[in-house]
Structure formats: structure tokens, C-alpha cells
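Q: I have a protein model open in front of me and would like to learn how to read its features one at a time. Could you show me the structure and take me through it?

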Amino acid sequence: MTNSTPPSTPTSTPTSTPKRIPLTERRLLKLARPLIIIAALIATWQIIVTATGAPKYMLPAPYEVWVTLIARHDVLLDHAKYTIAETVIGLFAGATLGALAALPMALFSPIRFWLMPILLVSQAIPFFALAPLLVLWLGFGLASKIAMAALIIFFPVTVAFFDGLSRTEPGWLDLARTMGASRWRLLTHVRLPAALPAFASGFRVATAVAPIGAIIGEWVGSSHGLGYLMLHANARVQIDMVFACLLILCAFSITQYFLVDRVLRAALPWQADSLRRPGQ
């Protein structure tokens with residue numbers, strides 16, 4: 001009788017799981033992150049001013065810009081409301097026009113054949129060359145600045161939405177056709193929901209660049225707005241005022257972007273985000 005030893009079973013080593021940060025700490029870190037970034041940027045700014053010895057009319061110190069922000073807040077806010085209105089209206093006008101242009105291009109090939117080259121050629125024209133014409137045609141009021149912002153926003157939204165509409169998963173379309181879906185139902189129930197994440201990406205890009213159009217329009221011809229204020233402050237070598245306008249413009253642009261991003265995430269819950277960890 002031979003002694004048989006049972007086969008050895010491989011010992012399983014416990015897999016190491018990444019250490020999760022507690023929820024409270026994550027929230028505190030999320031709240032503290034913008035403050036840390038702002039503090040680091042201000043410190044870098046102050047170091048550059050101190051190291052180079054730049055005079056105030058070339059690069060003012062952060063404290064001098066802060067003093068201008070407080071002392072001239074009434075003037076700054078009065079001009080900022082025009083720039084904000086031009087940007088927001090231009091953003092939604094350009095996004096609407098972009099969506100209305102992408103839909104027929106995706107549905108009808110003759111429209112795509114003729115309209116796409118026009119869109120591409122339009123991007124070869126410098127916006128600074130169009131701004132004086134818009135001011136001449138639409139006047140010095142809000143209309144020319146809104147049109148300028150809408151023109152800058154129009155192309156990225158159109159291309160992103162058209163790309164989303166033209167790259168719908170073929171299996172989804174085949175399944176919908178098998179179930180007897182009409183062309184209208186294919187559009188409203190399959191292609192549009194599938195293309196909305198791409199439209200959201202284009203809209204996010206548009207949100208970031210929308211203030212550029214308004215500022216260019218104000219530089220070319222205006223009697224109000226942060227661009228107008230920067231232009232006249234630069235002519236008077238009031239660089240602290242120029243930086244104050246830039247800080248307000250940056251704060252508005254960042255706030256607008258994150259508000260739009262939050263709304264789009266809530267409106268498109270089916271949009272996958274592989275970079276976000278569970279529980280975030």
C-alpha cells in the first residue's frame with residue numbers, strides 16, 4: 001500500500017486594493033483644491049515680480065491689482081455685466097446655430113456636400129477681419145459682440161455634433177430598423193441620444209472660448225465691456241486695471257465652464273466617464 005499525498009493546492013495571495021480616501025476628506029480636498037491653485041499662482045506671480053524687479057507699468061504685483069479691484073469695483077462690475085451678457089447670449093446662439101447646421105448635414109448628403117466646405121473656409125478667415133464688419137453692420141451695441149461670440153462658438157459645436165450624429169453605433173440602428181423604427185424615430189430615439197455626449201463636448205469647448213469673441217468685438221468697437229476697459233487702460237498705461245479685468249474675465253470663464261459641465265453631466269446620465277472612480 002503506497003501512501004499518496006494529496007495534491008497541493010496553490011495558495012492564493014490576497015490582492016491589494018487601493019486605499020480609498022474617506023468621503024469627508026475627498027470633499028475637503030475638492031473644496032481646498034481651487035484655493036491651493038490660486039495661492040500657488042499668486043505666489044508664482046509675486047516671485048516673478050520680485051525676481052525681475054519689473055516696474056508697475058509693466059507687471060504690477062498681486063497686491064496692487066487687488067487694491068485696484070477693490071477701489072474700482074463699481075466700474076469693473078458695470079463693464080463686466082455687458083461682457084457677461086454678450087458671452088452668455090452668444091454661447092447659446094452659437095450652440096443653437098451649430099446644432100441646427102449639424103442636423104441637416106447628418107441627415108441629407110447633398111446639404112453636407114455643399115455646406116461642409118463653406119464651414120471649413122469660414123475658419124480660414126481671421127476673426128479680427130470679421131469684427132470690424134460686424135460692428136459696421138450691427139452697430140456698437142450688444143448685437144455685434146453677440147454675433148462675434150456666436151461665430152467663434154459655431155464651428156466647434158457644429159463639428160462635434162455632426163461627428164456624434166455620423167458615428168452612431170451601427171448595431172443600435174440595425175436593431176431599431178428590425179423593430180420597425182421610422183427614420184424620425186431613428187433620429188429622436190437612437191441617433192440624437194447617442195450624439196448628445198459629443199455635442200456636450202463641443203459645448204464645453206465653446207464655453208471656454210466664448211468670452212474671446214465678446215472681447216474681440218469690444219476691442220474693435222464698443223463703448224462698454226471689459227475689453228473696452230482693458231483697451232483704454234492699456235493706452236493710459238494702467239496695467240493694474242488691465243490685470244483686474246483679466247482676473248474678472250478668468251473668474252467668470254472658469255465659473256461658467258464648471259456650471260455648464262455640472263449641468264451637462266446631470267442632463268446626460270448615460271454618458272460614460274471612465275476617469276471618475278466609483279462613489280465620486
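A: What follows is a conversation about the helices, the burial, the charged pairs, the surface patches and one loop residue. Please keep in mind from the start that this is a predicted model.

Q: Let me begin with the overall fold: how many helices and how many strands are there in the protein chain?
A: The protein chain has 10 helices and 0 strands, and when it is read along the sequence the pattern is α-α-α-α-α-α-α-α-α-α. Among these elements are helix α1, covering residues 23–52, helix α3, covering residues 73–107, and helix α8, covering residues 183–220.

Q: How should I read burial, and what share of the residues of the protein chain count as buried?
A: The general idea is a cut-off on relative accessible area: a residue under 20% is called buried, one over 50% is called exposed, and one in between is called partly exposed. In this structure, 34% of the 280 residues of the protein chain count as buried. Threonine 158, which lies in helix α6 (residues 142–166), is counted as buried because its relative accessibility is 1%. Leucine 186 in helix α8 is also placed in the buried class, because its relative accessible area is 8%.

Q: Which residue lies 7.0 Å from leucine 186 in space, C-alpha to C-alpha?
A: That residue is leucine 173, and the two leucines are 13 residues apart in sequence.

Q: Which backbone oxygen does the side chain of threonine 158 reach?
A: The side chain of threonine 158 reaches the backbone oxygen of glycine 98, at 3.4 Å. You can read serine 253 in a similar way, for its side chain reaches the backbone oxygen of leucine 249 at 2.9 Å. Serine 253 sits in helix α10 (residues 239–267), and it is classed as buried because its relative accessible area is 17%.

Q: Now for charged side chains: how many salt bridges does a search of the whole structure find?
A: As a general idea, side chains of opposite charge can pair when their charged atoms come close. In this model, a search of the whole structure finds 6 salt bridges. One of them joins lysine 81 to aspartate 78, with the closest N and O atoms 3.3 Å apart. These two residues are separated by about one helical turn, because they are 3 residues apart in helix α3. Aspartate 78 itself is partly exposed, with a relative accessible area of 35%.

Q: Which residue forms a salt bridge with aspartate 163?
A: Aspartate 163 pairs with arginine 167, and the closest N and O atoms are 2.5 Å apart. Aspartate 163 counts as partly exposed at 33% relative accessibility, whereas arginine 167 is exposed, with a relative accessible area of 64%.

Q: And are aspartate 261 and arginine 204 buried or exposed?
A: Both aspartate 261 and arginine 204 are buried. Their side chains meet in a salt bridge, at 2.7 Å from N to O. This pair links distant parts of the chain, since aspartate 261 is in helix α10 and arginine 204 is in helix α8, 57 residues apart. A network of salt bridges links Arg204, Asp261 and Arg265.

Q: Turning to the surface, which residues form a positive patch?
A: The positive surface patch is made of Arg27, Lys30, Arg33 and Arg262, and its largest share, 3 residues, comes from helix α1. Lysine 30, which has its place in helix α1, is exposed because its relative accessible area is 53%.

Q: Which residues form a nonpolar patch on the surface?
A: They are Tyr63, Trp66, Val67 and Ile70, which together have about 460 Å² of accessible area. Isoleucine 70 belongs to helix α2 (residues 62–71), and it counts as partly exposed because its relative accessibility is 47%.

Q: Finally, what is the phi of valine 237?
A: The general idea is that most residues other than glycine have a negative phi. Here, valine 237 has a positive phi of about 60 degrees, although it is not a glycine. You will find valine 237 in the loop between α9 (226–235) and α10, where it is partly exposed, with a relative accessible area of 47%.

How values were computed: Residues numbered from 1 in each chain as written. Predicted model: local features only at pLDDT ≥ 70, side-chain atom pairs only at ≥ 80, totals over all residues. Heavy atoms only, no water. Patch = residues over 30% accessible without salt bridge, like charges linked within 9 Å, V, L, I, M, F, W, Y side chains within 5 Å. Areas by Shrake-Rupley, 256 points an atom, 1.4 Å probe, with all protein chains shown as cover. Salt bridge = Lys/Arg side-chain N within 4 Å of Asp/Glu carboxyl O. Lys, Arg positive; Asp, Glu negative; His and termini not counted. Charge placed at Lys NZ, Arg CZ, Asp CG, Glu CD. Helix = DSSP H or I, 4+ residues; strand = E, 2+ residues; numbered from the N terminus. Buried < 20%, exposed > 50% of the residue type's maximum accessible area, 1.4 Å probe, protein only. Polar contact = N/O pair within 3.5 Å; in protein donor to acceptor, adjacent residues only side chain to side chain.
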